[in-house]
Amino acid sequence: MKITVIGATGMAGSAIVAEALQRGHTVTALARSAEKLAALPASPNLATRTQDAFSLTTADLADSDVVVDAFAAAPAQAYLHVDLAAHLIHLLRETTLPRVAFILGAGSLHTGDDRHLFVHDLEQDPHAASFISVPQNQLIELNFLRAVDNVNWFGVSPAANFHSGVATPALLGTDDLLFNAAGDSGTSAGTMAVAILDELEHPQHHQTRFTVADH
């Protein structure tokens, strides 16, 4: 499988690159920093390209079987999550390939007895002003994607604490925030990478979102 990873040097993106290469796939890693791309593990199946994701064209993606959007934005520019999703969808309207995977936030998941959106809990955090625009915009991104029925997309949300780390056994769900038996709600980058590669190799979700957490 030929996989293009946008944001390939970030926490999630680099884990996805590593997992895809370990499984024998061909990966094109995109990022804005040539220095960070050079730090990715060397592999004959890895090509790197320094490129702003917003400059991608339909031709740039034509040879890919899959595009993974692992893009991250600073809170001050959190709207770029929405803008990039719209850009990719625009490039791929009325197509079935490449398939597009979007890493979404936990804020769009439901929680509590009343199944309210987790983003409303995050908005109550005393430090919310410093980060809340990211989960708010990723909720907008998901709502936009849910209106798209002519592109082959799926989304994945982590649990409440999305952190670096190796893969663990996973819990899978659909639209509810997941907790393990100890009451923790977390997803490592490694667990996310395994969930995405499992979905790419054995498709279960089409034009919908699922969620993954560490067991």
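Where is A15 found? A15 is found in helix 1, which covers residues 11-22. Helices here are DSSP runs of H or I with at least four residues, strands are E runs of at least two, and both are numbered from the N terminus.

A word on the ground rules before going further. This is a predicted model, in which local features need pLDDT of at least 70 and side-chain atom pairs count only at pLDDT 80 or more, while totals for chains, interfaces and linings use all residues. Residues are numbered from 1 along each chain as its sequence is written, and side-chain values use heavy atoms, with hydrogens and water left out.

**The chain as a whole**

The protein chain has 7 helices and 12 strands. Its C-alpha atoms fill a box of roughly 50 × 35 × 35 Å along the principal axes. The radius of gyration is 16 Å, which agrees with the value near 17 Å that a compact globule of 215 residues would have. That radius is taken over C-alpha atoms, and the globule rule is 2.2 Å times the number of residues to the power 0.38.

Of the 215 residues, 50% count as buried. Buried means under 20% relative accessible area, exposed means over 50%, and partly exposed lies in between, with a 1.4 Å probe and protein chains only. Among contacts (heavy atoms within 4.5 Å) between residues at least 6 apart in sequence, 70% join residues at least 24 apart.

**Helix 1 and A15**

Helix 1 has 12 residues that should span 16 Å at 1.5 Å a residue, and its end C-alpha atoms are 17 Å apart, which agrees. The expected span is 1.5 Å times one less than the number of residues. The buried residues of this helix are A12, G13, A15, I16, V17, E19, A20 and L21.

A15 counts as buried because its relative accessibility is 17%. Which residues does A15 contact, leaving aside its neighbours within four places in sequence? They are A189, G190 and A193. A15 and S188 are 173 residues apart in sequence, yet their C-alpha atoms are 9.5 Å apart in space. Just after helix 1, G24 takes a positive phi of about 90°.

**Helix 4 and the loop after it**

Helix 4 (residues 80-92) has 13 residues that should span 18 Å, and its end C-alpha atoms are 18 Å apart, which agrees. Helix 4 is mostly covered, with 10 of its 13 residues buried. Among them are L80, H81, V82 and L84. The buried residues of helix 4 pack against strand 1 (2-6), helix 3 (58-61), strand 4 (66-69), strand 5 (99-103) and helix 6 (133-145).

The loop between helix 4 and strand 5 holds E94, and P98 lies there too. The peptide bond from L97 to P98 is cis, with omega near 0°.

**Backbone angles worth a look**

Most residues other than glycine have a negative phi, and most peptide bonds are trans. Two residues other than glycine with a positive phi are set out below.

| Residue | Phi | Loop | Relative accessible area |
|---|---|---|---|
| E94 | near 60° | between helix 4 and strand 5 | 67%, exposed |
| R115 | about 55° | between strand 6 (110-111) and strand 7 (116-117) | 40%, partly exposed |
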